[in-house]
Amino acid sequence: MAPPTTHPVFHPTAQLDAAPPDLVLTSANRVVFHVHHCCLLAASTNHFAFLLDPPVEAIVALPESSQLISVMLHAIYNRPIGSPRPTSAVLIASLDTLKKYGIPLDRYVCANTPLFTALATLAQSRAIELYTLAAENDLYDLAAAASSYLISYNLSSITDEIAVRMGSLYLKKLFVLHSRRTKVVRGLLLTPPATHAPTRTCGADNQLRLLRHWDLATASLQTRACPSTSVGSLRSIISIIEPLLTCRDCKATLNARVRQMVVEWEETPRTI
């Protein structure tokens with residue numbers, strides 16, 4: 001059997017607190033962590049799974065892997081979770097570890113904490129998994145971070161198991177996000193360009209052509225409108241309509257309307 005190894009961050013001379021470490025934790029894979037009894041006790045609501053009830057042993061063996069213990073301790077000591085970077089599976093599993101040892105998630109996985117920051121990096125690649133994890137633990141900020149990557153997610157693919165884990169509140173929030181964005185983009189497409197003051201070459205009747213072209217050009221976009229409608233598809237309206245116009249003022253109002261539409265769409269919230 002290989003001899004125990006000391007964790008590179010939680011070692012005997014590490015400057016983690018004003019006082020030197022007074023407690024040793026060991027992992028299932030024989031990694032040693034030098035920590036402070038008072039820090040663990042202050043962070044935990046259950047005396048660290050009742051392992052710190054007196055009398056306390058100088059060495060406490062934990063059944064978890066060193067990776068999970070390391071993530072938990074980084075969270076407790078408010079230290080950035082860096083090299084070696086934990087795998088996504090370890091980060092996700094770490095929440096159950098924190099709960100086991102009585103470490104409150106609302107305090108140690110809230111915005112701007114090390115564990116929140118590490119978990120948020122999973123949003124792009126594992127958005128639905130992260131959202132579900134955040135939802136079942138009522139971690140709103142983390143769920144919001146994940147939701148911005150779910151605007152193109154097919155909600156019909158949410159399984160019963162995932163829905164149960166999310167709970168009705170966060171499942172509804174996701175559906176409302178999709179519904180709200182779809183409604184906004186359809187409303188933008190329904191609003192045509194403004195008319196301009198009549199000129200000798202372009203009166204009110206002639207400007208009706210622009211409105212008809214708008215209705216025709218946006219009809220297909222209306223049917224395909226969705227929470228993830230791209231800015232590019234909105235800008236494409238110009239390339240469809242502009243070649244059909246001869247009036248400079250009509251072209252100007254068309255471009256102004258599309259620019260405003262893009263601005264409003266980009267300002268539409270992408271999170272729950």
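Biologist: What do the side chains of Glu 64 and Lys 100 meet in?

Modeller: Let's start with the general idea: side chains of opposite charge can pair when their charged atoms come close. In this predicted model, the side chains of Glu 64 and Lys 100 form a salt bridge, with 2.7 Å from N to O. The two partners come from distant parts of the chain, 36 residues apart. Glu 64 sits in the loop between β4 (59–61) and α3 (66–76), while Lys 100 belongs to helix α4 (residues 88–100).

Biologist: Is Glu 64 buried or exposed? And what about Lys 100?

Modeller: Relative accessibility answers that, and the cut-off for buried is under 20%. Glu 64 has 11%, so this residue counts as buried. Lys 100, at 38%, counts as partly exposed.

Biologist: How many salt bridges does a search of the whole structure find?

Modeller: The search finds four. Among them is the pair Glu 136 and Arg 165, whose side chains meet at 2.7 Å, N to O. Glu 136 is in helix α7 (residues 127–136) and Arg 165 is in helix α9 (residues 160–190), so this bridge ties together parts that are 29 residues apart in sequence. Both ends are partly exposed: Glu 136 has a relative accessible area of 38%, and Arg 165 has 34%.

Biologist: Which residue does Glu 129 meet in a salt bridge?

Modeller: Its partner is Arg 126, again with 2.7 Å from N to O. Glu 129 is partly exposed with a relative accessible area of 30%, and Arg 126 is partly exposed as well, at 26%.

Biologist: Now for charges over the whole chain. How far apart are the mean positions of the positive and negative charges?

Modeller: The idea is to average the places of each sign and compare the two points. Here there are 24 positive and 20 negative charges, and their mean positions lie 12 Å apart.

Biologist: Let's turn to helices. Which residues of helix α8 are buried?

Modeller: Some background helps: an α-helix has 3.6 residues a turn, so residues three or four places apart point the same way. In helix α8 (residues 140–147), the buried residues are Leu 142, Ala 143, Ala 144, Ala 146 and Ser 147. They pack against α6 (114–120), α7 and α9.

Biologist: Helix α9 has come up again. What does His 178 in that helix touch?

Modeller: Leaving out residues up to four places away in sequence, His 178 touches Leu 150, Ile 151, Tyr 153, Leu 155 and Pro 227. His 178 is buried, with a relative accessible area of 10%.

Biologist: Stepping back, how many helices and strands are there in the chain? And what is its radius of gyration?

Modeller: The chain has twelve helices and four strands. Its radius of gyration is 28 Å, well over the 19 Å that the globule rule gives for 272 residues, so the chain is more spread out than a compact globule. Along the principal axes, the C-alpha atoms fill a box of roughly 95 × 40 × 35 Å.

Biologist: What share of the residues is buried, and what share of the contacts comes from residues 24 or more positions apart?

Modeller: Buried residues make up 46% of the 272 residues. Counting contacts with a separation of 6 or more, 66% come from residues 24 or more positions apart. As for the surface, the chain exposes about 14,200 Å², and carbon and sulfur atoms supply 57% of that area.

Note on methods: Residues numbered from 1 in each chain as written. Predicted model: local features only at pLDDT ≥ 70, side-chain atom pairs only at ≥ 80, totals over all residues. Heavy atoms only, no water. Helix = DSSP H or I, 4+ residues; strand = E, 2+ residues; numbered from the N terminus. Buried < 20%, exposed > 50% of the residue type's maximum accessible area, 1.4 Å probe, protein only. Rg over C-alpha atoms; globule rule 2.2 N^0.38 Å. Contact = heavy atoms within 4.5 Å. Areas by Shrake-Rupley, 256 points an atom, 1.4 Å probe, with all protein chains shown as cover. Lys, Arg positive; Asp, Glu negative; His and termini not counted. Charge placed at Lys NZ, Arg CZ, Asp CG, Glu CD.
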